[in-house]
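Here are my notes on the model you sent over. I've kept them as numbered points so you can follow along with the structure open.

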Amino acid sequence: MEWPRNPDEAFAIQDELRLKLLDGPVPAEPLTFAGVDVAYGEDRLAAAVVVLGADLSVRETAVAVGEPAFPYVPGLFAFRELPAVLEAFEGLEDKPDVIVCDGQGRAHPRRFGLACHLGVLLDLPTFGVGKTRLVGEADEPGEKRGERTALIDRGEEVGALLRTRDGVKPVYVSAGHRMDLATACALTLRLTPRYRLPETTRAADHTCRAALAQVHRGG
DNA sequence: GCGACAG
DNA sequence: ATCTTGTCGC
C-alpha cells in the first residue's frame with residue numbers, strides 16, 4: 001500500500017481517496033457494529049476491533065500491535081494508526097455491517113477524516129464519533145439525550161453535536177463512507193444506552209489497552 | 001505574526 | 001494519545 005513520507009503526500013492521498021467516498025447505500029438494520037480504537041505506549045501501539053451484535057454483546061475481537069506509521073498532525077491523524085487498524089480487521093472472521101470510529105468522518109478540513117478513510121479502504125459503512133472538535137462551530141444542544149445541533153464548517157454542515165446522555169457533554173458525530181448524518185446520529189444513540197460514548201468505542205478502548213499492556217510486559 | 005488543532 | 005491525586009457522585 002502506498003504510504004506518505006510527508007504531509008504533502010498525505011494531503012494528495014486524501015484528495016485522491018475522497019473521490020471514492022459514497023453517501024450510500026445506508027444500512028437500514030445493521031446487525032453488527034464494529035468499534036475501533038488504538039492505545040499508545042513507548043514507540044508502540046495496539047489497535048483493537050470489537051464487533052458487537054444488535055443486543056450490544058461482544059461477538060468478536062481482533063487486535064494488532066505495531067508502531068505509529070506517521071507523526072500526529074491534525075487532519076492527518078488517520079495515517080498514524082491505519083496500518084495497525086487494517087491489520088486488526090484482517091483478523092476478523094466476519095465483516096461487520098457498520099464501523100464506528102473514534103474521531104471524525106466528514107467533520108474534517110478536507111472532508112476526509114479517519115472514518116471516511118477507513119470506510120473507503122474497506123468499502124464498508126462508517127461514521128465517526130469524536131470526543132472533541134477538529135473543525136466547525138455548533139450551538140450547544142439542549143440538555144436532553146437525543147438533542148443535537150448542526151456542526152458547520154465554512155458554511156457547510158459537516159456533522160452534528162449530539163447529546164447522548166442527559167446533562168452530559170455532547171459528542172461530535174459525522175458520516176463516513178456509505179453513510180448519512182441522520183443515520184449516524186440514530187446509530188450513535190442506539191449505541192449509547194448508558195454512557196456518553198458508544199459501547200463499540202468503549203469495548204475497543206478496553207481491548208486495545210489490555211493488548212498494549214500485554215506486549216508491554218513481553219508476550 | 002498569533003491561535004486552533006480528531007487521537 | 002499519555003503523563004497523574006484527589007475528589008465528587010451514584
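1. First, a term: a residue counts as near a molecule or strand if one of its heavy atoms lies within 4 Å of it. With that in hand, 54% of the atoms of DNA strand B within 4 Å of the protein belong to sugar or phosphate, and the rest to bases.

2. A word on ground rules. This is a predicted model, where local features need pLDDT of at least 70, side-chain atom pairs count only at pLDDT 80 or more, and totals for chains, interfaces and linings use all residues. Residues are numbered from 1 along each chain as its sequence is written, chains are lettered from A and ligands numbered from 1 in the order in which they are written, and side-chain values use heavy atoms, with hydrogens and water left out.

3. Now the fold. Chain A has 5 helices and 8 strands (DSSP runs numbered from the N terminus: H or I of at least four residues for helices, E of at least two for strands). The radius of gyration of chain A, taken over C-alpha atoms, is 16 Å, close to the 17 Å that the globule rule (2.2 Å times the number of residues to the power 0.38) gives for 219 residues, so chain A is as compact as a globular protein of that length. Its C-alpha trace spans about 45 × 40 × 30 Å along the principal axes.

4. Back to DNA strand B. It has 15 residues around it, and the closest are Y72, G75, K131, T132 and R133. Look at the polar contacts (pairs of N or O atoms within 3.5 Å). A backbone N or O atom of G75 sits 3.2 Å from a base nitrogen of the strand, and a polar backbone atom of F77 is also 3.2 Å from a base nitrogen. R133 instead uses its side chain, with a polar atom 3.2 Å from a phosphate oxygen.

5. What surrounds DNA strand C? The residues are A39, Y40, K131 and R209. Sugar and phosphate make up 100% of the atoms of DNA strand C that come within 4 Å of the protein. A polar backbone atom of Y40 is 3.4 Å from a phosphate oxygen of this strand, while an N or O atom in the K131 side chain lies 3.1 Å from a phosphate oxygen. K131 is worth a second look, being among the closest residues to DNA strand B and also one of those around DNA strand C.

Conventions:
Polar contact = N/O pair within 3.5 Å; in protein donor to acceptor, adjacent residues only side chain to side chain.
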